[in-house]
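Q: Please take a close look at how helices pack against one another in this structure. I would like the packing explained step by step, and then a word on how the chains meet.

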Amino acid sequence: MVTDIRDGGRGAVGTAGTSWLRLVAGAVLLLVLLTAPLVLYPIFLMKVLCFALFACAFNLLIGYVGLLSFGHAAFFGGAAYVSAHAIKVWGVTPEIGILLGTATAAVMGGVFGWIAIRRQGIYFAMITLALAQMIYFLALQLPFTGGEDGIQAVPRGHLFGLINLNNSLAMYYTVLVIFLFGFAVIRRAVHSPFGQVLKAIRENEPRAVSLGYRTDQYKLVAFVLSATLAGLAGATKALVFQLASLTDVTWQMSGEVVLMTLLGGMGTLFGPAVGAALVVTLQNYLAATQLPVTVVIGAIFVICVLVFRRGIVGEIAHRLGVRKA
Amino acid sequence: MFAEIFGIPPQALFGQLLLGLINGSFYALLSLGLAVIFGMLNVINFAHGALYMLGAFVAWLLLNRLGIGYWPALLLAPLIVGAIGIVLEKALLRWLYKLDHLYGLLLTFGLALIIEGMFRHWYGVSGMPYPIPPALQGGQNLGFMFLPNYRAWVVVASLAVCLATWYAIERTRLGAYLRAATENPVLVQAFGINVPLMITLTYGFGVALAGFAGVLAAPIYSVNPLMGANLIIVVFAVVVIGGMGSILGAIVTGFGLGLLEGLTKVFYPEASNIVIFVVMIVVLLIKPAGLFGRER
């Protein structure tokens, strides 16, 4: 019997009697997120939130459907380019720009998903990687993307024409709202009947088929949802950093989001966000040292795969689950 | 001399076709190694590009640190890369065989980052030249085009190694064991064949092919820490197009797509970077298992 990659998510805690505990924990978490910019550097926090949303969106596929997409940078970066272009060149307001970028990612997700779900497992990973590399070359060559320079100095503008986003606190709370919205969508999807079917596909696809589910359609919807939210993260990132660049569409970026999810815990709700926070912090820290970042990232990858496959949150949930049983 | 062909001067056309054939040689060698490894280990070796780069660097280091030239390097570098591969397999990869195959991909991705990151840290991103060996300098004037000797050698050497590999796997007794172990490792082990050893050696051989390709590439492209990073993704697309069921399929697809890429450079250069990915999409839509593949 082959052990499944999606093992990480099993053994989650939640039973009756813990709901009030969750409520308190959620309130504390929200309070922390609301007050965090008073303590920490807002731009760092916004970066964490953008990548956390990106990783949560990616996790929807790997953690709940068992599909490893190695090309999610295409949606993240593609949406960043479109938003940056729309805001800077067409002069649309920030919310319209983000919506346009997100919509682009949704369409790309539909096309990519339609092509990629024809194969499974490793092939799925290779196909998404190749498709994303195609987007990379397009971003390098198309006239509107600015080639090696990317699209720089994107104005943050006024949200709904009212709120000045050049104020970093206003920007932070905007990003926080976007993140919470994306997270709520994922949470809702995972706990819905739709999410149950996704998990059934993850556990045993032939059986889900035999029960009458059109698994390809479920996979495609999950893929589009994941791509859309990844796009939302990328578009928001473009606005925060006022920049869309080639870095956003490289395969290294696709690899980074895999690492965030793996480190935090695949198939857990909070894991990817925790992983994103850790990886972004680590990158900030390493940037100030002489250590080569990619080597450290690669080493974490190897260690996670060899001995820490549940990830941080997955490991915690597993320990708690064991104690309860 | 010759009339233009489809409005393209023949020198340009044949020049690009030759470049395509060279690229195809590398696609074929690398996708062959990937296919051999995948058949035996069920692992997609993401580190293949990094080990190709390592082959080129080993050749460069042998020349510049020890004064060992191209011809010995052509043998030594694959051996060294193969030995490194065996260590990696023994130390890391073998713990993952009972898990989902995706973990193998993730592990080798991490290894690729480590290897490439280290060389980037030591040598920067600018390439270092590797001289063409004296015996292969110069070229032949074929009348319709100028054929540099070294490039001809690359195509011939790659074809020879590919065909030798095909022969070894499809026509020898050892190859028969290998194919049997790919189908049913437990049964083959029951017949008294040391399957774990075969797996280790297969990985070593597969990455040695990548190292060999790296040495071949060193005089053509500059020796550069990132030379394998983007190549490996194209090779993945090649593997998806060909399907991993057949050794000969990997070779034919590799050379064929190289030529196609060369042709695209002549007729529509803007698309030359993405033509292989487009072919991949078309193949997936028509024949999802790949041109030579079996659904598994």
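A: What follows goes through three pairs of helices and then the interface between the two chains. The model is a predicted one. Two packed helices are described by the angle between their axes and the distance between the axes.

Start in chain A with helix α4 (residues 94-116) and helix α9 (residues 215-241), whose axes come within 7 Å and cross at roughly 145°. The crossing of α4(A) and α9(A) is right-handed. On the α4(A) side, the residues in contact include P94(A), I98(A), T102(A), A105(A), G109(A) and W114(A). They meet residues of α9(A), among them L220(A), F223(A), A227(A), G231(A) and L239(A). By type, the residues of this contact between α4(A) and α9(A) are 13 nonpolar and seven polar, with no charged ones.

The second pair is also in chain A: helix α6 (residues 168-191) and helix α7 (residues 193-203) have axes that come within 4 Å and cross at roughly 70°. An angle from 65 to 115 degrees counts as roughly perpendicular, and that makes α6(A) roughly perpendicular to α7(A). From α6(A), the contact uses A189(A), V190(A) and H191(A). From α7(A), P193(A), F194(A), G195(A), Q196(A) and K199(A) take part. The residues of the contact of α6(A) with α7(A) are four nonpolar, three polar and one charged.

The third pair is in chain B. Helix α5 (residues 149-171) and helix α10 (residues 247-267) of chain B pack at an angle of about 165°, and their axes are 9 Å apart. Angles over 145 degrees count as roughly antiparallel, and α5(B) and α10(B) are therefore roughly antiparallel to each other. Their crossing, that of α5(B) and α10(B), is left-handed. In α5(B), the contact residues are V155(B), S158(B), L159(B), C162(B), W166(B), I169(B) and E170(B). Facing them in α10(B) are I247(B), L248(B), I251(B) and F255(B). The residues of this contact of α5(B) with α10(B) are nine nonpolar, one polar and one charged.

Now the chains themselves. In chain A, 45 residues are in contact with 47 residues of chain B. The two chains bury about 4200 Å² between them, and carbon and sulfur atoms give 79% of this area. Within chain A, the residues that lose the most area to chain B are I122(A), M126(A) and W251(A), which together give 16% of what that side buries. Zero salt bridges are found by the rule across the interface of chain A and chain B.

Technical notes: Residues numbered from 1 in each chain as written. Chains lettered and ligands numbered in written order. Predicted model: local features only at pLDDT ≥ 70, side-chain atom pairs only at ≥ 80, totals over all residues. Heavy atoms only, no water. Axes fitted to C-alpha atoms, helices over the stretch in contact; angles between N-to-C directions. Parallel < 35°, antiparallel > 145°, perpendicular 65-115°, else oblique. Left-handed = near helix turned anticlockwise from the far one by under 90°. Contact = heavy atoms within 4.5 Å. Nonpolar A, V, L, I, M, F, W, Y, C, P; charged D, E, K, R; others polar. Buried area = accessible area lost by both parts, 1.4 Å probe. Salt bridge = Lys/Arg side-chain N within 4 Å of Asp/Glu carboxyl O.
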